[in-house]
Amino acid sequence: TWHLKKIPQIVRERTFSLDSPKFEAKAKLELNSICGIECQRKLPVPSLSDLKNLLSYETVFENGTRTLTEVNVLGAVLDPAGNTTTRRPLRKKRQIYGTDSRFSIYDKRFMTNFPFNTAVKISTGCSGILVSPKHVLTAAHCLHNGKDYVKGSKRLRVGLMKTKSRGNGRKSKGTSDGMPSFQWTRVKSTHIPKGWFKGVSGDIALDYDYAVLELKRPHKRKYMELGISPTIKMMPGSMIHFSGFDNDRSGQLVYRFCSISDESNDLFYQYCDAESGSTGSGIYLRLKEPNKKKWKRKIIAVYSGHQWVDINGEQQDYNVAVRITPLKYAQICFWIHGNDENCTRG
């Protein structure tokens with residue numbers, strides 16, 4: 001069941017103008033030397049002043065102007081247990097682990113219907129997911145490398161799926177229902193948490209690898225609601241699902257599901273088969289609504305990509321996702337609604 005939780009409040013304190021970014025960073029679809037599972041376990045719990053710093057955010061507008069908004073955090077429960085995790089054996093392989101278990105979605109009845117229609121393509125080469133009539137959730141590193149915004153993010157666009165019709169409305173023989181084509185929409189503004197920038201932590205903080213894009217025009221598609229990420233124990237079969245546009249299957253929508261291997265307070269470690277291009281996809285699961293018989297899918301994490309990590313002096317790898325914690329739920333919800341009144345329970 002989805003458990004309702006009281007959400008901390010994120011309140012805007014001050015907004016400053018910053019210099020326009022250079023937009024000169026190279027887009028990196030794979031990140032290196034990130035604090036891994038063992039490193040995460042040793043991290044101290046952030047203090048309230050740390051949280052205010054990490055959850056302050058930059059906004060870049062379509063015309064290239066940039067602001068920094070400082071926030072206050074009210075009602076946050078700081079977990080003294082720290083990043084305790086359940087230990088499970090790790091495997092040593094590449095992004096495709098053993099047999100490739102991804103599914104390409106060809107049938108447009110699926111592709112253009114919920115939940116697959118919520119997947120979008122970001123013009124810098126990543127994926128994302130629709131979270132409101134005007135907002136898309138994706139990974140921060142699709143737009144910013146920790147020091148500067150990536151080259152393609154100045155004129156950022158989001159591709160919403162539409163299916164190609166083959167003239168006269170007839171399908172050509174021997175083809176499937178068609179590859180998705182995209183209706184591209186300009187992005188009006190982009191929000192990235194300050195926790196992502198290297199200046200805060202001295203290194204990229206994977207815990208904050210998420211961003212929200214506001215579209216210039218609203219779409220009329222069904223979007224997916226945010227949920228707070230449950231622990232592995234509270235998930236049916238500890239299974240997660242996500243769809244994105246993997247680079248090795250050009251032009252196809254690729255769906256996969258798998259179980260989570262390990263978790264920290266902010267990250268899921270899993271072996272879902274995924275190639276770059278699917279980075280930024282919304283990870284979701286389906287749980288029962290409280291006191292109802294209905295099931296509901298909600299986004300509980302953002303897929304951040306493939307990682308190599310030192311564990312006991314050996315290089316291990318896994319695919320990583322950033323969990324939507326109550327604090328991140330409060331921030332993303334605040335970005336979507338512009339106030340915290342709509343974000344009191346999640």
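Which residue with a positive phi follows helix 5? The answer is G338, whose phi is near 75 degrees. The legends below look at this helix and at several other places in the structure, which is a predicted model.

**View 1. Helix 5, a mostly covered helix with a glycine after its end.** Helix 5 covers residues 326-337, twelve in number. From its first C-alpha to its last, this helix reaches 16 Å, close to the 16 Å expected at 1.5 Å a residue. Ten of the twelve residues are buried. Among them are L327, Y329, I332, F334 and I336, and the buried set also includes K328, Q331 and W335. As you follow the chain past the helix, you come to G338 with its positive phi. A general point may help you read the view: an α-helix has 3.6 residues a turn, so residues three or four places apart point the same way.

**View 2. Strand 2 and its two antiparallel partners.** Strand 2 is made of residues 57-61, and four of its five residues are buried. With strand 3 (residues 66-74), strand 2 shares four bridges. Here you can find V60 standing opposite R66. The two strands form a hairpin with four residues between them, and G64 in the turn has a positive phi of about 90 degrees. Now turn to strand 9 (residues 180-193), which is joined to strand 2 by five bridges and also runs antiparallel to it. In this pairing, T59 has H191 as its bridge partner.

**View 3. F182 and W184, a tilted pair of rings.** Searching the whole structure gives six aromatic pairs, and F182 with W184 is one of them. Two values tell you how such rings sit: a pair of aromatic rings is described by the distance of the centres and the angle of the planes. For F182 and W184, the centres are 5.7 Å apart and the planes meet at 50 degrees. Is F182 buried or exposed? With a relative accessibility of 17%, F182 counts as buried, whereas W184 is partly exposed at 31%. Look also for R157, which lies over the face of W184 at 4.8 Å from the ring centre.

**View 4. Y208 and Y210, two buried tyrosines in a ring cluster.** Why is this pair called tilted? The planes of the Y208 and Y210 rings are at 35 degrees, with the centres 6.3 Å apart, so the pair is tilted; the tilted class takes in angles that are neither under 30 degrees nor over 60. Y208 has a relative accessible area of 9%, and Y210 has one of 1%. Ring pairs link these two tyrosines with Y57 and W335 into a cluster. You have met W335 already, as one of the buried residues of helix 5. K328, another buried residue of that helix, lies over the face of Y208, at 5.3 Å from the ring centre.

**View 5. The one disulfide of the structure, between C126 and C142.** The two sulfur atoms are 2.1 Å apart. About the S-S bond, the torsion is about -95 degrees, so this disulfide is left-handed. Where do the two cysteines sit along the chain? C126 belongs to the loop between strand 5 (119-122) and strand 6 (127-130), while C142 is in the loop between strand 7 (135-138) and strand 8 (157-163). The two are 16 residues apart, and the pair links distant parts of the chain. Both cysteines are buried.

Key: Residues numbered from 1 in each chain as written. Predicted model: local features only at pLDDT ≥ 70, side-chain atom pairs only at ≥ 80, totals over all residues. Heavy atoms only, no water. Buried < 20%, exposed > 50% of the residue type's maximum accessible area, 1.4 Å probe, protein only. Pairing = 2+ DSSP bridges. Phe/Tyr/Trp six-rings, centres within 6.5 Å; stacked < 30°, edge-to-face > 60°. Lys NZ or Arg CZ within 6 Å of the ring centre and 35° of its normal. Disulfide = S-S within 2.5 Å. Expected span 1.5 Å × (residues − 1).
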